[in-house]
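Biologist: Could you take a close look at one part for me, the nonpolar patch on the surface, and then walk me outward from there to the cavity and the salt bridges? A connected account would suit me better than a table.

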Amino acid sequence: MNGNVSSKRVVMVTNMLPPYRVSFYLALSRLIDFRLVLDTVSEFNRSWALPEEAKQLNYTVQNCRSFVYRRHRDDVGYVEKRQFQFSEQTLPLLAEIKPDAVISIEFGLKSLWSILYGWVYRVPVILMSEGTMHTEGHVGGIKRLIRRWIVSQCSRYWSNGPDSTELLVSYGADASLVDEGMTGIDTREWTEAVSGLLPQREAIRQQWGLSGRVMLFSGSLSPRKGVMLLLKAIEQWRAGGSEMDFTLLLLGDGEEKKAVEDWCQRNPTIRVVMPGFIQPQDLPPFFAAADWAVLPTLDDNWPLATLETLVAGLPQLFSTYNGATADLCMPETGIAFDPLDQADFVRALQKFEAAPEGRIPAEIVRSISDHYSAEGQAQRAKRSLNKVLGIVES
């Protein structure tokens, strides 16, 4: 079919509107008639504020029902509160908007409603899945059958990378119909914001009491993010004889804040600076001041904090339970380790101590920044939509 995808209306049905997705949605809106159907703007455990440019987006917020539940991951040792959103308004909303294609997030009710709309109105449905075999692969038989059925009803699939593609394929997706790299942030703006602050690096470090080699943690202070495992590994590393001038910079808040503060009191010789929760737009000075970063997550699909760290030019310690590790960890960008293996964690810290000073080479930052930019992701989305709508690109 000849034509132009820009003349088609596309709706994404998703759970909420995080700030880090806004740049991609805006970039895609400049290429096609793109609209969002949201369960909610935010959730109970999110402290972010939306950027001003989010007002440019065309979105509808459903009056959703929700409940909070506890997710138990006994295999990696954490329990976490999460919010489940659901609405019976999705199908009527889609029928009112009349999209030519629907993009649905994950394997729940949103996808069931989207598939039903696709049946009735004979339009294709794209399933966007971020889960990995580690984060979502261990489900019961009934849930697995439902997911296999959902996958069988979709025309194409979006994934973050090879780890999330593996999960889709395990549910029966044809790997040739999976478009990878469907994640990203406004990498160019982020890189420029951090690099523009490097001349003020020493002043920023003095302002926050940072000295020596600074390791940055940016995330929630929660069991899932492995913050206490990080502190225990640092304690053992320092007890093993390390005398490096070192500061741990913890950005974030969460349920383990009190436990972290208690640990700091028991370990006064280890310098820890805790500015608390920082809004996304205020993070660049800390990335300019740091030397390395770490996110010892136990369960993450593809955390964008990992990408932010890389395009800021910081080497990092990559958790093996981080879905982005397969895409972003290379000799020039950092060290992979298992945060549940304390000996391996300590070895990673020893490698960090032995690593030469300096940021990631500019050409690597530029290559990854271009690929995962909002514009790069939007172009990949447009190509995928052309395929699913049968449009021949000129």
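Modeller: Happy to; what follows starts at the patch, moves to the loops and the cavity, and ends with the charged pairs. Please keep in mind that this is a predicted model.

Let us begin with the patch itself. Nine names make up this nonpolar stretch of surface: Phe-67, Tyr-69, Phe-84, Leu-109, Leu-112, Trp-119, Val-120, Tyr-121 and Trp-149. Together these residues have about 840 Å² of accessible area. Two elements give two or more residues each, namely β4 (65–73) and α3 (109–121). Of the contributors, α3 gives the most, with 5 residues.

One residue from each of these two elements is worth a closer look. Phe-67 sits in strand β4, and because its relative accessibility is 42%, Phe-67 counts as partly exposed. Leu-112 belongs to helix α3. With a relative accessible area of 32%, Leu-112 is partly exposed too, and a patch residue needs over 30%. If you would like a distance to check in your viewer, take Leu-112 and Asn-58: these residues are 54 apart along the chain, and their C-alpha atoms are separated by 23 Å.

Following α3 out of the patch brings us to a backbone detail. Arg-122 lies in the loop between α3 and β7 (125–129). Its phi is near 55 degrees, a positive value in a residue other than glycine. Arg-122 counts as exposed because its relative accessibility is 77%. Lys-98 is another case to inspect: this residue is not a glycine, yet has a positive phi of about 60 degrees. You will find Lys-98 in the loop between α2 (90–97) and β6 (101–105), and at 53% relative accessibility Lys-98 counts as exposed.

Now to the inside. The structure holds 1 cavity of 30 Å³ or more, and about 60 Å³ of space lies in the largest cavity. Its lining is made by Leu-216, Ser-218, Ala-293, Val-294, Leu-295, Ala-305, Thr-306, Thr-309 and Gln-316. Three elements give two or more residues to that lining: β10 (213–218), β13 (292–295) and α12 (304–311). Sorted by class, the lining has 5 nonpolar and 4 polar residues, and no charged ones.

A strand residue away from that lining list gives you one more reference point. Val-273 lies in strand β12 (residues 271–276), and is buried because its relative accessible area is 13%, where buried means under 20%. Val-273 and Ile-368 are 95 residues apart in sequence, and C-alpha to C-alpha they are 30 Å apart in space.

Charged pairs come next. Side chains of opposite charge can pair when their charged atoms come close. The structure holds 19 salt bridges. Asp-300 forms one with Lys-225, and the closest N and O atoms are 2.7 Å apart. This pair links distant parts of the chain, 75 residues apart: Asp-300 is in the loop between β13 and α12, while Lys-225 is in the loop between β10 and α9 (227–239). Both Asp-300 and Lys-225 are buried. The elements β10, β13 and α12, which flank these loops, are also the ones that give two or more residues to the cavity lining.

Another buried pair is Arg-156 and Asp-179, a salt bridge whose closest N and O atoms are 2.7 Å apart. It too links distant parts of the chain: Arg-156 is in strand β8 (residues 156–159) and Asp-179 in strand β9 (residues 178–179), 23 residues apart.

For a local contrast, turn to helix α14. There, Arg-347 forms a salt bridge with Asp-344, with the closest N and O atoms 3.5 Å apart. Because Arg-347 and Asp-344 are 3 residues apart in helix α14 (residues 342–354), about one helical turn separates them. Arg-347 counts as partly exposed, since its relative accessibility is 41%.

Finally, some charged residues join in a group: Arg-201, Glu-202, Arg-205 and Asp-291 are linked in a network of salt bridges. To return to where you asked me to start, the patch draws on β4 and α3, with 5 residues coming from α3.

Technical notes
Residues are numbered from 1 along each chain as its sequence is written. This is a predicted model: local features need pLDDT of at least 70, side-chain atom pairs count only at pLDDT 80 or more; totals for chains, interfaces and linings use all residues. Side-chain values use heavy atoms; hydrogens and water are left out. Patches are made of residues with over 30% relative accessible area and no salt bridge: like charges are joined within 9 Å, nonpolar side chains (Val, Leu, Ile, Met, Phe, Trp, Tyr) within 5 Å. Accessible areas come from the Shrake-Rupley method with a 1.4 Å probe; for residues, only the protein chains shown count as cover. A salt bridge is a side-chain nitrogen of Lys or Arg within 4 Å of a carboxyl oxygen of Asp or Glu. Helices (H or I, at least four residues) and strands (E, at least two) are DSSP runs, numbered from the N terminus. Buried means under 20% relative accessible area, exposed over 50%, partly exposed in between (1.4 Å probe, protein chains only). On a 1 Å grid over the protein atoms alone, a cavity is a set of points where a 1.4 Å probe fits but cannot get out, and a pocket is an open set with protein on both sides within 12 Å along at least five of seven lines; lining residues have an atom within 4 Å of a point. Grid points are joined across faces, edges and corners, and a volume is the space filled by probe spheres set on the points. Ala, Val, Leu, Ile, Met, Phe, Trp, Tyr, Cys and Pro count as nonpolar, Asp, Glu, Lys and Arg as charged, and the others, Gly among them, as polar.
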